[in-house]
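Student: Could we go through this model together, beginning with the ligand and then turning to how the helices pack?

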Amino acid sequence: MLKNNCKIRNKSVMFDAFAREYDFAASLQSQNDFFTKNLSACKGAALDIGCGSGILAFELAQYYDNVVAVDLSEKMLAIASQKRSAPNIEYIQMDASQLALDSQFDLIVSAATFHQLPNLAAALLEIKKLLKPQGKIVFLDNISEGEKPATICNIIRAARDFIPDCSTYGTRNALRLLRFRLSPSWLKYLASSRYLSERQFKKLYCRCFPGCYFVKLGGFMGVIWEYL
Ligand SMILES: C[S@@+](CC[C@H](N)C(=O)[O-])C[C@H]1O[C@@H](n2cnc3c(N)ncnc32)[C@H](O)[C@@H]1O
């Protein structure tokens, strides 16, 4: 089901522009171990915030009775519904900053999305209200020390990854990945992204989820909190 309105449609445009190629890259590269190793004890309902093309939601649907997966991007959700639908997954177009969900969840996950939210602290406190007692929050997001890399650095990094990608994914896939990473829409997205430093990340999440703990995974920080 897609809950649509004009405001959401306008915001979704940036992500729509690279949805298909993002899905290609994420299908090749995504690793959901961090999430699947940290599932909640009760496997009733799970929520994925910023689900993209549904890779993680689809995996969670193997463990949970019901999965609700929300994202801003109409195109990401169209891919998710087309490639990764299941009777126990509901994809909904919704802004993570204004979640209008009338149920609570045993597990709430999010990957590589929260750095996009303008008032993250407020959004996290609203999300916390959606967690059932004994439920678990498992989030993963990009972090970065110092200034955000300039576009030229993102271009150099894309070129540098090409040779290793050839041996990992084959030349054809590596070429497609390279084209995606050099595409104007992806570079524009990276240029618009603002990441917290590790210290800022820990400070914010500790404030919103006292007693949470952190797992550093390369350029990402994972955070886990149980509502005991
Ligand atoms: C980098 S992608 C990550 C997608 C997916 N979680 C993954 O790991 O493959 C970021 C996703 O967040 C979504 N997004 C960005 N801002 C959002 C918001 N305010 N509310 C809901 N989704 C949002 C984008 O549409 C995009 O699908």
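Student: Before we start on the helices, which residue has a polar backbone atom 3.2 Å from a nitrogen atom of the ligand?

Tutor: Please keep in mind that this is a predicted model, in which local features need pLDDT of at least 70 and side-chain atom pairs count only at pLDDT 80 or more, while totals for chains, interfaces and linings use all residues. Residues are numbered from 1 along each chain as its sequence is written, and side-chain values use heavy atoms, with hydrogens and water left out. A polar contact with the ligand is a pair of N or O atoms within 3.5 Å. The backbone partner at 3.2 Å from a ligand nitrogen belongs to Leu 72.

Student: And which residue places an N or O atom of its side chain 3.2 Å from an oxygen atom of the ligand?

Tutor: A nitrogen atom of the ligand also lies 2.9 Å from a backbone N or O atom of Ala 111, but your question concerns a ligand oxygen and a side chain. That side chain belongs to Thr 113.

Student: How many residues surround the ligand?

Tutor: A residue is counted if one of its heavy atoms lies within 4 Å of the ligand, and the closest are Tyr 22, Gly 50, Asp 71, Asp 95 and Ala 96. The number surrounding the ligand is 18.

Student: At what angle do helix H1 and helix H5 pack?

Tutor: Helices here are DSSP runs (H or I, at least four residues), numbered from the N terminus, and H1 covers residues 6–16 while H5 covers residues 74–83. Axes are lines fitted to C-alpha atoms over the stretch in contact, with angles from 0 to 180 degrees between N-to-C directions. Since 65 to 115 degrees counts as roughly perpendicular, H1 and H5 are therefore roughly perpendicular to each other. Their axes are 7 Å apart, and the angle is about 65°.

Student: Which residues does Lys 75 touch, leaving out those up to four places away in sequence?

Tutor: Lys 75 is found in helix H5, and contact means heavy atoms within 4.5 Å. The residues touched by Lys 75 are Asp 16 and Ala 19.

Note on methods
Polar contact = N/O pair within 3.5 Å; in protein donor to acceptor, adjacent residues only side chain to side chain. Helix = DSSP H or I, 4+ residues; strand = E, 2+ residues; numbered from the N terminus. Parallel < 35°, antiparallel > 145°, perpendicular 65-115°, else oblique.
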